[in-house]
Amino acid sequence: MAYLRSVPRVWREREIKYRLIGGACRSCGRRFYPYRQTCPACGSEEVERVKLPETGTVEVFTVVRSPPSEFAEQAPYVVALVRLDDGTLVPAQITDVDPGEVYEGMRVEAALRRYRTQGERGIIEYGIKFRPLIQ
Amino acid sequence: MKPLASIIGYGAYIPRYRIEAKEISRVHTGGAERAPVRQKSVPGPDEDSLTIAYEAARYALRRAGIDPSLVEALYIGSESPPYAVKPSATVIAEALGFSRKLYGIDMEFACKAGTTAIISVAALVSSGVIRYGMAIGTDTAQGRPGDELEYTAAAGAAAFLIGPSSPEAVATIDHVYSYVTDTPDFWRREGEKYPMHTFRFTGEPAYFHHIISAARGLMEEAGLKPEDFDHVVFHQPNVKFPQRAGELLGFKPEQMKYGLLSGEIGNTYAAASLIGLANVLDNAKPGERVLVVSFGSGAGSDAISLTVGEGVEKVRDKAPTVAKLVARSKLVDYALYLRYRGMILR
C-alpha cells in the first residue's frame, strides 16, 4: 500500500492551507506563511494568526520536471515564491499555466486546488495554489 | 406564491482548458462525426467539482459583499463529487470561512441538482430558518472514450448567495415549479466510472417532456406567458435541444441570447442552466424577468422564475463575468485531455 501521510496532520493544517493563514510576529514585525507558533526570523513566540491577502506577484520560480510520485500527474509544474500584496513571501505552486507562460512579475491570485491524493483509497488533500489573475 | 428569496451574489467558473469536438471526432471516427457542440471545457489536472465550486462560490461571495461567517447553509448539487462518501460542502464552507452553524449537504439529481439546491436554500431563507445561504451547481462530467457523451461532457460551476427577498438585490426568486417522473434515460451505477444512456430515448420522453412540463407548470401557476419573460435559460446538453425546447414553448431566439453557452463550453451538467443564468445576470437590466428550466436525467426539471433587481448593476463588475471566463481558454489535444482527466497516468 502506498505511503499515507497523517490524516490528523492534514486536518490540523486545513485552515492554514485552505485560507492562506500566516503568522505575524509581534516582536520583529515579520509576516510569514504558513502559520507557526515560533517566528522563523527572531524566535519569538508572540505570533498572531493572520489571513493573508489573496493576490500577489511571482518573484522567482522554477519548473519541476522530475516530481515526487504523488505529484506525477501534475508535472511539469511551476513552483514559485509569490510576494503577496502585503509583502509576505509564500512558497506555492502556480497552476493553470504552462511552464513557458510564467514570468517574474506575473500577477497571480490564490485558488483552492488539489495538492495530492493519498492513493486510491486515502483522502484528497486540498490547499491554496496561485493562478494568473482573471480580471 | 409570494417571492421566496433574493439572489444577492452570483459567480461562475469555467476551467481554462478546452478540447474541440473535431479533435475528439478525429480520434474516434476519423473526423466523420458531426459534433453537437464546437468545443467543451476540460478541468486541469488539479481541479475537480469541489475546486471549481470553490472558485464560483468565492466570486458569488465577492459580489454579495457580506461577511462569510453570516452564511448558514451550503447546498451543492453535483453528479461528479470527488468522494463517493464525504461531502464537498464541508471543505468549501471551511475554505471560505462560512458559519459553523451550517446546514450543509451535497445533493445528486444528475444535471438538475444545482437548481434544486437553489430552491432548497431559498426555502430555508423564506421560512426564516437562515438569513443567508449558498447554493452551487458544479460538475466535471465524464464520458466514456468514444461515447457520444464525450463530445459534450464538460466542467463548470455556478454559485448563488441567497438572502431575504428585496428589490435592491441582484434578482428575486418569484416562483418555482418542479416536475419529476421515473424515466431511465441516463444513469451511472455505484462504482462505475462512466454513465450509460439510452440514445434517442434521452430526447422526447426525457429532456423535452420534463422541460416543457415544468415550464408550462410554472407559467400556469404564476399566470405568465412566454412573452412575459425577457430571458429564458434551459438545460443545455448540446445546442439543438434547448433551441428546440424554446421553440416548442413559444420563446423567440432573442430571449435565449444570453442563456445558451453549450456551443462554446459543452454541457456542464448541474452547472449548465446556472452558468446560463449567471450570463443573463451579467447582461440583464433591473426589472427584467428570467425563466430558468433545468433538466436532470432520471428524470426531472426545475423551473425558476426571477425578476432582476436594482442591485445587479452594482455587483456585476466585482468578479469576472461569464464572457471573460468563456474567453479565457486554451485548447488541448486529445492526448493532453486524457492526461488531465486522469485516464493515462505517468
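Q: What makes the pair B:Asp46 and A:Arg113 a salt bridge?
A: A salt bridge requires a side-chain nitrogen of Lys or Arg within 4 Å of a carboxyl oxygen of Asp or Glu. In this predicted model, the closest N and O atoms of B:Asp46 and A:Arg113 are 3.2 Å apart. The pair therefore satisfies the limit of 4 Å.

Q: Why is the pair B:Asp46 and A:Lys129 called a salt bridge, and which chains does the pair join?
A: The closest N and O atoms of B:Asp46 and A:Lys129 are 2.8 Å apart, and the cut-off is 4 Å. B:Asp46 lies in the loop between β3 and α2 of chain B, whereas A:Lys129 lies in strand β8 of chain A, so the salt bridge joins two chains. Both B:Asp46 and A:Lys129 are buried.

Q: How do you know that B:Asp48 and A:Arg114 form a salt bridge, and where do the two residues lie?
A: Their closest N and O atoms are 2.7 Å apart, and a salt bridge needs such atoms within 4 Å. The pair crosses between chains, from the loop between β3 (39-42) and α2 (49-64) of chain B, where B:Asp48 is found, to strand β7 of chain A, which holds A:Arg114. B:Asp48 and A:Arg114 are both buried.

Q: How many salt bridges are counted between chain A and chain B, and how many residue pairs are in polar contact?
A: Between chain A and chain B there are 12 salt bridges. The count of residue pairs in polar contact between these chains is 24, with both residues at pLDDT 80 or more. Over all chains, the structure holds 36 salt bridges.

Q: Which elements of chain A supply the side that touches chain B?
A: At least two residues each come from α2 (14-19), β7 (107-117) and β8 (124-132) of chain A. The most is given by β7(A), with 6 residues. By residue class, the side of chain A that touches chain B divides into 13 nonpolar, 5 polar and 13 charged residues.

Q: How many residues does each chain bring to the contact, and what is the area buried between chain A and chain B?
A: Chain A brings 31 residues and chain B brings 28 residues. The buried area is about 2600 Å², and carbon and sulfur atoms give 45% of this area. A:Asp96, A:Leu112 and A:Ile134 supply 22% of the area that chain A buries against chain B, which is more than any other three residues supply.

Q: What makes A:Glu15 and A:Arg19 a salt bridge, and how are the two residues placed in helix α2 of chain A?
A: Their side chains meet at 3.9 Å, N to O, and the limit is 4 Å. The salt bridge label therefore applies to A:Glu15 and A:Arg19. Because the two residues are 4 residues apart in helix α2 of chain A, about one helical turn separates them. A:Glu15 has a relative accessible area of 27% and is partly exposed; A:Arg19, at 23%, is also partly exposed.

Q: Why are A:Cys25 and A:Cys42 not called a disulfide?
A: The sulfur of A:Cys25 is 3.6 Å from that of A:Cys42, its closest cysteine sulfur, which is too far for a bond. A disulfide needs the sulfur atoms within 2.5 Å. The whole structure has 0 disulfides over all chains.

Q: Is A:Cys25 buried or exposed, and what is the relative accessible area of A:Cys42?
A: A:Cys25 counts as buried because its relative accessibility is 5%, and buried means under 20%. A:Cys42 has a relative accessible area of 40%, which places it in the partly exposed class, between 20% and 50%.

Q: What makes the backbone at B:Lys86 and B:Tyr269 worth noting?
A: Most residues other than glycine have a negative phi. B:Lys86 has a positive phi of about 140°, and B:Tyr269 has a positive phi of about 55°. Neither B:Lys86 nor B:Tyr269 is a glycine. B:Lys86 lies in the loop between β4 (71-77) and α3 (88-96) of chain B, and B:Tyr269 in the loop between α7 (262-265) and α8 (272-283) of chain B.

Q: Why is B:Tyr269 called buried?
A: The relative accessible area of B:Tyr269 is 2%, and buried means under 20%. B:Tyr269 is therefore buried, whereas B:Lys86, at 35%, is partly exposed.

Terms used
Residues numbered from 1 in each chain as written. Chains lettered and ligands numbered in written order. Predicted model: local features only at pLDDT ≥ 70, side-chain atom pairs only at ≥ 80, totals over all residues. Heavy atoms only, no water. Contact = heavy atoms within 4.5 Å. Buried area = accessible area lost by both parts, 1.4 Å probe. Polar contact = N/O pair within 3.5 Å; in protein donor to acceptor, adjacent residues only side chain to side chain. Nonpolar A, V, L, I, M, F, W, Y, C, P; charged D, E, K, R; others polar. Buried < 20%, exposed > 50% of the residue type's maximum accessible area, 1.4 Å probe, protein only.
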